[in-house]
Amino acid sequence: MSTYPDLHLYIDGQFRKTTATLPVVNPANEQVIGDLPIADQRDLDDALEAAGRGFRVWSRTSPRDRSDIILKAARLLRERMNDVAFSITCEHGKPYRQGQLEVVRGSEFFEWDAGECQRLYGRAIPGAPGLRHTVLRQPIGTVAAFAPWNFPMSQPARKVAGALAAGCSVILKAAEETPAGALHIARAFHDAGLPAGVLNLVFGTPSEISSYLIPQDQIRLVAFTGSTVVGRQLTGLASDHMTPVLMELGGHAPVIVCDDVDPEEVGGICASRKYRNAGQVCTSPTRFYVGETQFETFAQSFVASADAIVVGDGLNEKTQMGPVANERRLAAMSELVEDAVSNGAELRTGGHRIGNKGYFFEPTVLANVPDKARIMSEEPFGPIAIINPVSSLEEGIAQANRLPFGLAAYGFTHSAANVEQLVDGVETGNLSINTLEASLPETPFGGVKSSGYGREGGEEGLHHYTVVKNVSHKIA
Ligand code: NAD
């Protein structure tokens with residue numbers, strides 16, 4: 001039987017307690033399940049010093065040896081999958097099975113980057129006789145990484161994987177509401193033999209930690225996943241110090257359903273994806289733009305699937321959707337629904353909190369939502385779908401591009417011509433056709449417009465964690 005872990009910071013290869021703590025709350029029953037130590041300035045200074053030493057050791061460790069340690073940590077995480085999934089369900093609320101899948105995905109991020117680090121090729125540029133130019137990719141330095149609460153293990157995994165594979169050291173601030181996912185990663189690397197100081201894990205007041213770490217000369221990259229508002233603040237701070245950033249920010253993913261698909265089948269597929277992780281996914285399909293002739297059948301099928309979803313405690317085997325992760329999301333859901341309805345939207349199902357203990361919210365469908373409703377421009381980040389009719393593919397694409405976001409977008413069609421139009425027309429970092437899968441370890445993931453800057457995963461992912469050095473060598 002798993003238990004929720006005793007929480008610590010991890011600095012310079014040591015698990016550390018502090019006197020100041022924050023409570024960690026289980027969103028399914030609002031009970032306090034842990035006391036999270038929070039870092040003060042001394043802890044952050046220790047982490048910086050350790051990460052400086054860690055960088056000197058790790059950047060000179062061969063890619064093959066780095067890869068071995070990363071793969072060993074990934075193996076340990078897979079072996080500990082049930083314990084990690086239990087922690088994730090307790091602190092975040094998602095169904096245990098989804099927690100297990102998250103651990104698999106997080107481990108895959110490590111496995112992919114462990115392979116990629118052995119292929120961080122440079123190139124040779126022809127020069128005049130006796131002159132050679134060699135382009136190298138070298139690790140950028142110490143990374144300040146900030147991971148959010150929606151995937152407590154796989155979000156931090158993605159950043160730690162990229163940084164460690166490239167040869168960087170990291171100070172990771174994971175989410176205070178869901179700390180155990182990141183702590184399991186630190187334990188796995190500790191047990192896998194990662195040298196002290198290469199990975200450091202801290203928690204605290206997010207704005208205090210970022211405003212202390214980012215201006216330090218030693219920090220050479222800021223990697224953040226979270227809201228566009230916070231991403232902008234951190235980018236501003238980093239730019240004052242000429243520090244590059246990797247920003248994975250908000251989305252508001254459109255789904256364009258063309259009228260050559262079976263609306264009943266696609267409606268069901270879309271609903272089952274929408275409510276995964278209670279909709280708290282930056283790529284969550286949210287604005288469904290459906291051809292007028294298919295609209296009603298699609299909406300009815302979607303609503304029937306939404307109504308069939310079993311909502312409950314994630315530790316209950318039958319549960320398909322857990323609570324939203326915190327009280328802020330619960331309040332946000334109610335406000336967005338009320339605002340949409342008062343602006344003329346139809347509430348087709350859901351729209352309310354379930355019970356009065358735990359942060360449960362009904363799988364919700366709004367239809368015919370006018371653009372002036374807040375939810376048409378604010379990412380709901382919760383279990384609310386919007387279904388609106390469109391008269392043409394062109395109108396669907398125009399609606400998709402209406403917002404300043406461009407992270408993930410989806411299309412359903414069997415027509416090659418429609419696919420071409422979607423590929424050329426939709427402003428997004430990731431476009432998926434006839435599937436709602438948007439991000440895999442082997443594919444580059446990231447946004448355009450206000451959805452961020454840079455890519456994680458794929459061949460591109462490690463590039464952000466490196467700097468290019470050109471060496472011109474005159475051979476005597
Ligand atoms: P928020 O904007 O306050 O926080 C989002 C994340 O950023 C949290 O993990 C938080 O700890 C961190 N953060 C906040 N201020 C920070 C700072 N000054 N320095 C460093 N880190 C900081 O909002 P929230 O209520 O936690 O989440 C609400 C919104 O955030 C959602 O609606 C969604 O748009 C966005 N979000 C996006 C993702 C994603 O995967 N892109 C994940 C979580 C939240």
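**The ligand shell and the two domains**

Modeller: In this predicted model, 22 residues surround the ligand, and the closest are P206, S210, G226, S227 and C282. A residue is taken as near the ligand if its C-beta atom, placed from the backbone, lies within 6 Å of it.

Colleague: Which elements give two or more residues to that shell?

Modeller: Those are α7 (206–213) and α8 (228–240). The largest share, four residues, comes from α8. Helices (H or I, at least four residues) and strands (E, at least two) are DSSP runs, numbered from the N terminus.

Colleague: And how does the shell divide by class?

Modeller: The shell has 11 nonpolar, eight polar and three charged residues. Ala, Val, Leu, Ile, Met, Phe, Trp, Tyr, Cys and Pro count as nonpolar, Asp, Glu, Lys and Arg as charged, and the others, Gly among them, as polar.

Colleague: What about numbering and confidence limits?

Modeller: Residues are numbered from 1 along each chain as its sequence is written. Local features need pLDDT of at least 70 and side-chain atom pairs count only at pLDDT 80 or more, while totals for chains, interfaces and linings use all residues.

Colleague: Which domains is the chain divided into?

Modeller: The division gives domain 1 (9–249 + 451–470) and domain 2 (253–433), with bounds from an automatic or database domain assignment. Each of the two supplies at least three residues to the shell around the ligand.

Colleague: How far apart are their C-alpha centres, and how many residues does the contact take from each?

Modeller: The C-alpha centres of domain 1 and domain 2 lie 31 Å apart. The contact takes 16 residues from domain 1 and 22 residues from domain 2, where two residues are in contact if their C-beta atoms, placed from the backbone, lie within 7 Å. On the domain 1 side, α3 (81–92) and α4 (96–116) each supply at least two residues.

Colleague: Changing topic, where is N434, and is it buried, exposed or partly exposed?

Modeller: N434 sits in the loop between β19 (430–433) and β20 (448–449). N434 counts as partly exposed because it has 13 C-beta neighbours inside 10 Å; buried requires 20 or more other C-beta atoms within 10 Å, exposed means 12 or fewer, and partly exposed is in between. The C-alpha atoms of N434 and T413 are separated by 6.7 Å, although the two are 21 residues apart along the chain.

Colleague: How many helices and strands are there, and what share of the residues is buried?

Modeller: The protein chain has 13 helices and 22 strands. Of its 476 residues, 55% are buried.
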